[in-house]
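Please look at the sequence and the structure that follow, and then read the short briefing on how the parts are arranged.

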Number of protein chains: 2
Amino acid sequence: MNKIRLFVDHTLGEAQSVPLNKDQAHYIFSVMRKSVGETISIFDGNNGEWEASIEEISKKSGVLFCIKQTKPQIMPPDLWLFFCPLKKVRTDFIVEKATELGVARIIPVQTEHTNVDRIKLSRLSAHAIEAAEQCGGTYIPKIEELQKIKEVLENFPPNRRLLFCDEKLQASEVNLENLKKGKWAILVGPEGGFSEVERNHLKGLKFTFSISLGPRILRADTAAVTAISLWQNYLGDW
Amino acid sequence: MNKIRLFVDHTLGEAQSVPLNKDQAHYIFSVMRKSVGETISIFDGNNGEWEASIEEISKKSGVLFCIKQTKPQIMPPDLWLFFCPLKKVRTDFIVEKATELGVARIIPVQTEHTNVDRIKLSRLSAHAIEAAEQCGGTYIPKIEELQKIKEVLENFPPNRRLLFCDEKLQASEVNLENLKKGKWAILVGPEGGFSEVERNHLKGLKFTFSISLGPRILRADTAAVTAISLWQNYLGDW
C-alpha cells in the first residue's frame, strides 16, 4: 500500500538502469529511508509499471535497476480537456482530477472572461505526475501552454468532436449515449462564463455538441470533473 | 455578477427584518463597503433567495429588510452522501462539491481504514454555506456528526437504497439507468479502501447496489464527485 511509486523520465525496460535526479534520490534516501537492495515501483508514462531495485543511493543521486514489469501500460481514451485557468489551487485540482479520471491531453485556454494570462507549466506537470504516482496510473497527460480560445477553434483538428459544457443551457442538446465514440475534447468555461460572442461562435461550429450539467450552477473545477466523469461513463473506457 | 450573496440563519419572507451577526456586518460594511439603502441577496436555506436592502449597518451589526423573492427555493433530490473524512482540504472539497452538485445530507463515516476520528462540524458547515453562496444555491445540505459505518448500516432507513462505490469491482454490478429513482445514498470509501469484512458485509445487504467507477484508481474525493455526477445524471434532477 505504502510502497514508493515514482515517475521517472527515462525509458524503462528489461534490465534497464535508471539514474535518479537529486529530488528523487533525496526522497527515496532521506525521506523514505530506503537503502540499496530494496525495491520500489517506477513508471515512465509509456512502458507500464516496473519493480526496480535500488542499486546505488545517496542524498544527491542514485541508480535503480528494472527487475520486472508489474503493470502493463494503460493509455487513457483519446480525450482532450480544454479549461480556463482559475486560481492556483483550483487549477491544480483540475489537472489532478483529469489525470485520475483519464484524459490524454490538457490544454489551458484563455477566453474573454479568463482572468489568468499565464500558467506555470512545470507546476501543472508536477501535479499531473503526483496524481499518476498516487493513483497507480501509468500515463501522464500532456499539458500544453496557454492558448487563446479563438486560435484553438480555428485550428481545431478534423475528426475530433467538442463537448461544450454550456452553463446557460437548461437541458442538453444532445444525448450522450447517442454520440459516437472516438476522438473527443471537452471544453469547460471560466468562472464568469463565456461571452455571448464566444458562445454563439461555439454553438455555430459543426464539431460542437452542447450539454448541460444540471440545474445548479457549478464552479468551473466541478464542471470539469463532472463532464469528464459523464464522458468516460458514456464514451470512454469505463 | 459580483453582487453580495449571503446565507442568513433567519427565516425570510415578505417584509421581514433580518438581523446580521458580527461577521456578516463586518463583511458587508468593512470588506464590501456597502452602505444603508444598497441591496444584497440573501437566502435562509428554506425560503428561496431574497433581495434585501440594508437598513442599518456598522462594523459590528446591521439589519436587512426583505424586499422581494428573487429565486424560489430549490431543493436537491433526496440523496445522502456517506464519505470517510480525509485530510482537511480534501474533506472540505467533498463538502463543497456535494453542495454544488446537489445532495440533501452529508454524513461522515468512520471505517476500519479511516484515519480521522473526529471532524469539525462548524468548519464543514461553513464550507457548505460558502459553496451555496457562491454557486447561487438556496439549500445547505445537513452535515451530521461522524458515525461508525457499522452503526450507519445497522440503522439504515428502510426504503432508501445505497450506491456502494466499490473500488475493487472491475465492472458495475448494476446499470445505473435501470435503477429506480427515489431515496438514495452514496457511499464512498476511505483512502485505504474498505476492509474485506466491511466489503463483504456491504455487499450482503439487500439495499446495496455496487458500482465501479472505471478502470483507474480514483482518490476518495474524486470518487465522491464522480459518483454524485453519475447519480444525478441517471437518478437525480439533471
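## Two chains and one helix pair

In this model, 25 residues of chain A are in contact with 24 residues of chain B, where contact means that the C-beta atoms of two residues, placed from the backbone, lie within 7 Å. The model is predicted, with local features needing pLDDT of at least 70 and side-chain atom pairs counting only at pLDDT 80 or more, while totals for chains, interfaces and linings use all residues. Residues are numbered from 1 along each chain as its sequence is written, and chains are lettered from A and ligands numbered from 1 in the order in which they are written.

**The side of chain A that touches chain B**

- H2, H3 (121–135) and H6 of chain A each supply at least two residues of this side, helices being DSSP runs of H or I with at least four residues, numbered from the N terminus.
- The largest share, 7 residues, comes from H6(A).

**How the copies are related**

- A turn of 180° and a shift of 0.0 Å along the axis lay chain A on chain B with an RMSD of 0.0 Å, with the copies superposed by least squares on the C-alpha atoms of residues with pLDDT of at least 70 in both.
- The two copies are therefore related as by a two-fold rotation axis.
- The same surface serves both copies, since 96% of the contact residues of chain A recur in chain B.
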